[in-house]
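Visitor: Please take a single part of this model and go through it closely, and then use it as a starting point for the rest of the chain. I would like the reasoning spelled out wherever a class or a label is assigned.

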Amino acid sequence: MPDLATPHIAGNAATLTAQQRELIERAATLGRDKFAPRAARWDREASFPFDNFRDLREAGLLGICVPKVHGGLGADYATYVMVAAELGRHCGSTALSFNMHVCSTMWSGFIADALDMSAAERAEHERIRRVHYARVVSQGKVYSQPFSEGGAAAAGKAPWGTRATKADGGYRIHGRKIFASLSGAADYYGVLCTLEHPEHGGGT
């Protein structure tokens, strides 16, 4: 049996940053004291681990990859992976669903920061993600990412079949998603779509 009392990276602790050691230990404590005793229940009932997400919220881990300037912990990808792996040792369903929430903050965070945007695009992105991050950090909200369509789009080999067209007050979404981790449990849903531009004859 694995030793769940000791974080799995303990033997490599000397190579970690202070933040990495602290966050992994935080995840280990949650997993050992809270998640592991409940894990069989979620599997047996095929139910969502709401109690575990409450604990993640109280521990400040919902904002693990939200930049510090926006009130998050500012963890990079490597740090997040080690924390998620530690959570997964104690409750796999929690680690998997937590990953899909954290992805929303990585995509809008350091991944988007690496993209080539105009000054106007960068300013608009900053405005939008400020709202997103406030929901996560200040309100403890959870995000889901409905992107599965059963085709080549998820692999980046085809446009999304789900289409978004500009409408009064926002966008009108047309399409069908077949799966989303956190479906029914999240507070917000980031739906991946192909944006149709009327000036391009309805094309993307």
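**From a strand pair outwards**

Guide: Strand β2, which covers residues 163-167, pairs with β3 in the antiparallel sense, and the pairing runs over 5 bridges. The model is a predicted one, and every value that follows is to be taken in that light. Within this strand pair, Arg163 has His174 of β3 standing opposite. The pair belongs to an open sheet of 3 strands, ordered β3-β2-β5, in which the pairing is mixed. Because β3 (170-174) and β5 (194-196) each have a single partner strand, they stand at the edges, and one side of each is left without a neighbour in the sheet. Neighbouring strands of this sheet are turned against each other by 35° on average, with direction ignored.

To place this sheet in the chain, it helps to step back to the overall layout. The secondary structure amounts to 5 helices and 5 strands, and from the N terminus on the elements run α-α-α-α-α-β-β-β-β-β. Along its principal axes the C-alpha trace spans about 60 × 40 × 30 Å, and of the 204 residues in the chain, 37% are buried.

Moving along the chain from the edge strand β3, one comes to Leu182, which is found in the loop between β3 and β4 (188-189). Most residues other than glycine have a negative phi, whereas Leu182 has a positive phi of about 80° although it is not a glycine. With a relative accessibility of 5%, Leu182 counts as buried, since the class takes in values under 20%. A second residue of this kind is Ala46, not a glycine either, with a positive phi of about 50°. Ala46 lies in the loop between α1 and α2 (50-58), but its relative accessible area is 71%, so Ala46 is exposed.

In the other direction, the stretch that precedes β2 leads to a contact with the helices. Phe147 lies in the loop between β1 (143-144) and β2, and the structure as a whole holds 6 aromatic pairs. One of these brings together Trp107 and Phe147, whose ring centres are 6.5 Å apart and whose planes stand at 70°, so the pair is edge-to-face, a class that takes plane angles over 60 degrees. Because Trp107 lies in helix α4 while Phe147 lies in that loop, the pair ties together parts that are 40 residues apart in sequence. Both partners are partly exposed, with a relative accessible area of 35% for Trp107 and a relative accessibility of 23% for Phe147.

Trp107 also belongs to a nonpolar patch on the surface, formed together with Tyr77, Val81, Phe110 and Ile111, and these residues have about 450 Å² of accessible area together. Two helices, α3 (77-90) and α4 (92-113), each supply at least two residues of the patch, and α4 gives the most, with 3 residues. Val81 has its place in helix α3, and with a relative accessible area of 37% Val81 is partly exposed.

Another group of rings is found elsewhere in the chain, where ring pairs link Phe48, Phe50 and Phe53 into a cluster. Among the 6 aromatic pairs is that of Phe48 and Phe50, whose ring centres lie 4.8 Å apart with planes at 65°, so this pair is edge-to-face. Phe50 is partly exposed, with a relative accessible area of 49%.

Two C-alpha distances complete the picture of the helical part. Gly31, found in helix α1 (residues 18-45), counts as buried at 0% relative accessibility, and its C-alpha atom is separated by 7.6 Å from that of Glu86, which is 55 residues away along the chain. Arg130, by contrast, is found in helix α5 (residues 119-137) and counts as partly exposed at 45% relative accessibility. The C-alpha atoms of Arg130 and Arg89, which are 41 residues apart along the chain, are separated by 33 Å.

Terms used. Residues numbered from 1 in each chain as written. Predicted model: local features only at pLDDT ≥ 70, side-chain atom pairs only at ≥ 80, totals over all residues. Heavy atoms only, no water. Pairing = 2+ DSSP bridges. Helix = DSSP H or I, 4+ residues; strand = E, 2+ residues; numbered from the N terminus. Axes fitted to C-alpha atoms, helices over the stretch in contact; angles between N-to-C directions. Patch = residues over 30% accessible without salt bridge, like charges linked within 9 Å, V, L, I, M, F, W, Y side chains within 5 Å. Areas by Shrake-Rupley, 256 points an atom, 1.4 Å probe, with all protein chains shown as cover. Salt bridge = Lys/Arg side-chain N within 4 Å of Asp/Glu carboxyl O. Buried < 20%, exposed > 50% of the residue type's maximum accessible area, 1.4 Å probe, protein only. Phe/Tyr/Trp six-rings, centres within 6.5 Å; stacked < 30°, edge-to-face > 60°.
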